[in-house]
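Colleague: I'm new to this one, so could you take me through one helix and what packs around it? Start with the overall picture if that helps.

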Amino acid sequence: MKASSTENKSEQTKQIPINVLLGLGGNVGDVRDHLYNSLKFLMASGDVQVIRVSPIYETPPWGLEDQPVFLNICVEIKTGLKPESLLRLCHRAEHSLKRRRTVKWGPRTIDIDILLIGEETIKLADLTVPHPRITERAFVLVPLADIAPEWKLEGQSIASWRQQCDDSGVIRVAENDIFGDLISLSPSQGRGSIDDELNGQVGQ
Ligand code: ADP
Ligand code: MG
């Protein structure tokens, strides 16, 4: 039987669920809230399950130094979304948290980067995986090594990359307790009135 065009469309955005590592960070407003609400937003899609969340780190600004310190975490999720759909969902989460793209590497409420998608290599116009700057960034490697030390990047473990990086100024400021209620819920349990909850909570 021929599938309808709607079914075809939804099939194109889905694949067999796979584990993915994300990096999140921000330095505008209540960033702990933004980190939590970003994960909640991703889960509200019904397509993302949060498996592991790192502790929260305070990290020095990178690329553009004259701006406030950042808070960063890394997260392991499981998702059946295809990479391009996951990127779009991440951009929607950033947008809902009032991120405005003004200055490259400048201040932001939240940035969500797709670091690794299983062992896949992707080179599209707007998506490169593994994320090309992981090995240069202690603000990624330190939290990433907490949750995914055995994952491999360019033939080396994340733990080994983390040992080689300059982690000066990267300070663990909180454990992952604030994310406790999001971890290991089934995706549908994260579904809710996220837009209502976010309204008025975040500023630029
Ligand atoms: P950065 O993350 O380097 O601070 P941005 O968040 O402004 O910069 O991202 C710029 C662009 O990078 C995005 O529009 C996105 O399409 C692209 N991009 C390429 N690869 C990735 C990836 N793996 N994860 C997230 N964004 C990516
Ligand atoms: Mg980004």
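Modeller: Sure, overall picture first. The protein has six helices and ten strands; these are DSSP runs, helices being H or I of at least four residues and strands E of at least two, numbered from the N terminus. Keep in mind that this is a predicted model, where local features need pLDDT of at least 70, side-chain atom pairs count only at pLDDT 80 or more, and totals for chains, interfaces and linings use all residues. Residues are numbered from 1 along each chain as its sequence is written, while chains are lettered from A and ligands numbered from 1 in the order in which they are written.

Of the 204 residues, 38% count as buried. Buried here says that 20 or more other C-beta atoms lie within 10 Å of a residue's own; 12 or fewer makes it exposed, anything in between partly exposed, and the C-beta atoms are placed from the backbone. As for contacts, two residues make one if their C-beta atoms, placed from the backbone, lie within 7 Å. Among contacts with a separation of 6 or more, 75% join residues 24 or more positions apart.

Now for the close look: helix H4, residues 138–147. H4 is mostly covered, with nine of its ten residues buried. Those are Ala138, Phe139, Val140, Leu141, Val142, Pro143, Leu144, Ala145 and Asp146. And what covers them? The cover includes strands S1 (14–26), S3 (56–59), S4 (70–81) and S5, plus helix H5 (158–164).

One residue to zoom in on is proline 143, which is found in H4. Proline 143 counts as buried because it has 28 C-beta neighbours inside 10 Å. Setting aside neighbours within four places in sequence, proline 143 is in contact with Ser54, Pro55, Tyr57, Asn72, Ile73 and Cys74. Valine 75 is 68 residues away from proline 143 in sequence, yet their C-alpha atoms are 8.6 Å apart.

For another helix to set beside H4, try H3, residues 83–96. Its 14 residues should span 20 Å at 1.5 Å a residue, and the end C-alpha atoms are indeed 20 Å apart; the expected span is 1.5 Å times one less than the number of residues. In H3, the buried residues are Leu86, Leu89, Cys90, Ala93, Glu94 and Ser96. Seen down the axis, they fall within an arc of 165 degrees, so they line one face of H3; that arc is taken from the directions from the helix axis to the C-beta atoms. After H3 comes lysine 98, with a positive phi near 65 degrees.
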